[in-house]
Amino acid sequence: MPSKTDFQPVIPSLPNIPWEERLAGNRDVIWRFSQNPIINHDHVPSSNSIFNSAIAPFGDGYAGVFRCDSKTRQMQLHSGRSRDGINWDIKNERIQFIPEDKRVGEIMAFEHAYDPRVCWLEDRYYVTWCNGYHGPTVGVGYTTDFETYYQMENAYLPFNRNGVLFPRRINGKYVMLNRPSDNGHTPFGDIYLSESPDMVHWGRHRFVMGASQGWQSTKIGAGPIPIETDEGWLLVYHGVLTSCNGFVYSFGAALLDLDEPWKALYRSEPYLLAPQAPYERTGDVPNVAFPCAALVDGETGRMTIYYGGADTVVCLAFAYLQEVVDFVKSNSKL
Ligand code: BMA
């Protein structure tokens, strides 16, 4: 295995980070937490299932925005806090976004909200999610305290999903990955990038990567917030294969150019994690591993990935950032 100590990303230390070493004999680049799932489907009384959720370091612990599908099967976002990143206190009621200004009030009729991402950027935590506005598109909002949330304009026209912000401006612009789609269980999908001067108006849309082969042959979509490394932005992304029994969601990673992030430099041909554990194979939607957050400890390069299992539960996996970067470089097919 490559060295895990020679990389120092510009990322703060993570307090109380849940961490387990790879078991002896395990040669996977990413390995699962032994106590998965960390959040069960009934963790919140009002919920049918809790999965595809985004976590960020906050205060002396962590905060998160959780996808909680209700017992009426409405897809909703709930706010949560934790000291250790494993044991979570998640609100029973969904987040009620406050429109940032009067015009945003025009788009606030609630349809659905799912698959959140949380990105610390400049002075606040931005939240992006799949937001219903006459069909799915990318909602944008922010919070500073994970109590009060403000909603901004949707980034795009419907239909679009998997809006994922970069954690800093690039060439002076905000940058977001996204995935144009349709109104259903989209059987296609490539990753695009858009930029904005103000987080409201998005343009200069660029193709980044398309669906390719095997585990990523039907569609792909950006996962956690990209991680800045010396070798490019590390983008963990999900890929979908269509089997006789439906979609199979796995994840891999790519490295994008630091200054021109619409240029993919490397892309893992094999997956990093595919649905193979019982809680990824069995649930409301079988065979789904869907990553929405990846936290890196700046001192050790330890990486903790939060992902949804089978559209039912929240799971953790671990890796060393440098090992993931090396794996992507040495197993790349663009
Ligand atoms: C996608 C999204 C994800 C979900 C996946 C598998 O279209 O809805 O939230 O995990 O399908 O059902």
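**The ligand and strand β20**

Student: How far is an oxygen atom of the ligand from an N or O atom in the side chain of Asp311?

Tutor: These two atoms lie 2.6 Å apart, where a polar contact is a pair of N or O atoms within 3.5 Å. Taken alone, the ligand exposes 310 Å², of which the protein buries 85% (Shrake-Rupley areas, 1.4 Å probe). This is a predicted model, in which local features need pLDDT of at least 70 and side-chain atom pairs count only at pLDDT 80 or more, while totals for chains, interfaces and linings use all residues. Residues are numbered from 1 along each chain as its sequence is written, and side-chain values use heavy atoms, with hydrogens and water left out.

Student: And what about Asn52 and Tyr249?

Tutor: Asn52 has a polar side-chain atom 2.9 Å from an oxygen atom of the ligand, and for Tyr249 the corresponding distance is 3.0 Å.

Student: OK, which residues surround the ligand?

Tutor: They are Asn52, Arg67, Tyr114, Asp115, Tyr249, Val285, Val288, Phe290 and Asp311, each with a heavy atom within 4 Å of the ligand.

Student: Switching topic, is strand β20 buried or exposed?

Tutor: Eight of the eight residues of β20, residues 289-296, are buried (under 20% relative accessible area, 1.4 Å probe, protein chains only), so the strand is largely enclosed by the rest of the structure. A strand here is a DSSP run of E with at least two residues.

Student: What does β20 pair with?

Tutor: Seven bridges join β20 to the antiparallel strand β21, residues 302-309, and pairing takes at least two DSSP bridges. Ala294 stands opposite Ile305 in β21.

Student: Which residue in the turn has a positive phi?

Tutor: Gly301 does, at about 70°, in the hairpin that β20 and β21 form with five residues between them.

Definitions and conventions:
Buried < 20%, exposed > 50% of the residue type's maximum accessible area, 1.4 Å probe, protein only. Helix = DSSP H or I, 4+ residues; strand = E, 2+ residues; numbered from the N terminus. Polar contact = N/O pair within 3.5 Å; in protein donor to acceptor, adjacent residues only side chain to side chain.
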